[in-house]
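Okay, thanks everyone for coming. I'll walk you through one structure today, going from the overall fold down to a few residues. Have a look at the picture first.

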Amino acid sequence: MYKHDMPLFDRIDLLAALGLLTRFPVIVDSDRAMARGAASAWAYPLVGVIIGVILAAATALMLWVGLPSGVVAGLVLALSVILTGAMHEDGLADAADGLWGGWTPARRLEIMKDSHIGVYGVCAIALSLLLRFLALAGIVSLGAYWVVFIAVGALSRSAMVVLMATLPNARDGGLSKSVGRPPTATAWIAVVIALVVTVVSGYPLLIIVAGLTALACGLIARSKIGGQTGDILGATQQVTEIATLIAVLTMLA
């Protein structure tokens, strides 16, 4: 949990965020990272920037060797899943199963905690992969992938921080509860980082799209389970990424 006398920044924050949100082999002082908890959430958009740079560089390399845009899009999507360990996809599947598979908040949370995947989860994952693939294929073919991948990576992960800070934990345990809730200042830093990255990218309208998407995810979570969980945060990242990718494709069309 965050302590009020804790400084806003620590040099371990980016490593802690990378260790939590990706499968990068980073070496982190686990005790220090756990002590920071949600205070390191300001670095989540920077993790999105790093992932975006890697995906864009891989895209450039694959196009350089002559692969068609559709194949490149599929491989980039696979690389994205590998880099994050399918963490956000797992959250999306669990959230879809729980939010729409149960009739009460308690039952929804119980379903979300179950490791088995149901029909809602399967459909959510299938639709997420399909929509992202189609959007990525269009963006890659139009050559706008560098700034887009970076901006979308930052925005979709700042949306997670906003929900962490504004919604209560829906259950007493779980990943989100263990990380804690970031203070308002931490959430604002994450948002500002994402805003700056997006404005510099040349797609400021994505800020509105991401904001409205995160708001919708937050309202649904509050209505269905009374707050947020790690699964809700992962689902929010996925839905925000899909919405912003489609928005970019619409702008470029």
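Before I point at anything, here's what I mean by a helix: a DSSP run of H or I with at least four residues, numbered from the N terminus. Keep in mind, too, that this is a predicted model.

With that in hand, let's start with the whole chain. The protein chain has twelve helices and zero strands. Its radius of gyration is 17 Å, close to the 18 Å that the globule rule gives for 253 residues, so the chain is as compact as a globular protein of that length. If you lay the C-alpha trace along its principal axes, you get a span of about 50 × 40 × 35 Å. Buried residues account for 51% of the 253. And if you take contacts with a separation of 6 or more, 78% of them come from residues 24 or more positions apart.

Now the inside. In soluble globular proteins, nonpolar side chains tend to be buried together. Here, the largest nonpolar core has 68 residues, and the ones touching the most other members are Tyr44, Val148, Phe149 and Ile232. The biggest contributor to this core is helix α8, residues 145-166, which puts in twelve residues. As for Ile232, skip its neighbours within four places in sequence and you find it in contact with Ala95, Leu99, Met112, Leu163, Ala221 and Ile225.

So let's stay on α8 for a minute. How many of its 22 residues are buried? It's 17, so α8 is largely enclosed by the rest of the structure. Its length works out as well: at 1.5 Å a residue, α8 should span 32 Å, and the end C-alpha atoms are 31 Å apart, which agrees.

There's some aromatic business here too. Searching the whole structure turns up two aromatic pairs. In the pair of Tyr145 and Phe149, the ring centres are 6.2 Å apart and the planes sit at 45°, so this pair is tilted. Why about one helical turn between them? Because Tyr145 and Phe149 are four residues apart in helix α8. The general rule is that an α-helix has 3.6 residues a turn, so residues three or four places apart point the same way. Tyr145 and Phe149 are both buried, and together with Trp146 they form one aromatic cluster.

α8 also brings us to a polar residue, Gln237, which lies in helix α12, residues 230-252. Buried or exposed? Gln237 is buried, with a relative accessible area of 0%. Its side chain makes a polar contact with the side chain of Ser156 at 3.1 Å, and another with the side chain of Gln238, also listed at 3.1 Å. Beyond four places in sequence, Gln237 is in contact with His88, Ser156, Arg157 and Met160.

His88 is a handy link to α5, since His88 is one of the buried residues there, along with Glu89, Asp94 and Asp97, among others. Eleven of the 15 residues of α5 are buried, so this helix is largely enclosed by the rest of the structure. For α5, residues 87-101, the expected span is 21 Å and the end C-alpha atoms are 21 Å apart, which agrees. In the loop between α4 and α5 you'll find Ala86. Phi of Ala86 is near 55°, a positive value in a residue other than glycine. Ala86 counts as partly exposed, at 25% relative accessibility.

Two more residues. Arg108 is in helix α6, residues 105-113. You might guess a charged residue like that would be worth checking for burial: Arg108 is buried, with a relative accessible area of 10%, and the cut-off for that word is under 20%. The Arg108 side chain reaches the backbone oxygen of Gly102 at 3.0 Å. Arg108 and Asp97 are eleven residues apart along the chain, with their C-alpha atoms separated by 8.0 Å.

Last one: Thr186, in helix α10, residues 184-201. Thr186 is buried too, with a relative accessible area of 0%. Thr186 and Phe9 are 177 residues apart in sequence, yet 8.8 Å apart in space, C-alpha to C-alpha. Not counting residues up to four places away, Thr186 touches Leu8, Ala38, Ala39, Ala41 and Trp42.

That's my tour, thanks.

Key
Residues numbered from 1 in each chain as written. Predicted model: local features only at pLDDT ≥ 70, side-chain atom pairs only at ≥ 80, totals over all residues. Heavy atoms only, no water. Core = buried A, V, L, I, M, F, W, Y, C linked by side-chain atoms within 4.5 Å. Buried < 20%, exposed > 50% of the residue type's maximum accessible area, 1.4 Å probe, protein only. Helix = DSSP H or I, 4+ residues; strand = E, 2+ residues; numbered from the N terminus. Contact = heavy atoms within 4.5 Å. Phe/Tyr/Trp six-rings, centres within 6.5 Å; stacked < 30°, edge-to-face > 60°. Expected span 1.5 Å × (residues − 1). Polar contact = N/O pair within 3.5 Å; in protein donor to acceptor, adjacent residues only side chain to side chain. Rg over C-alpha atoms; globule rule 2.2 N^0.38 Å.
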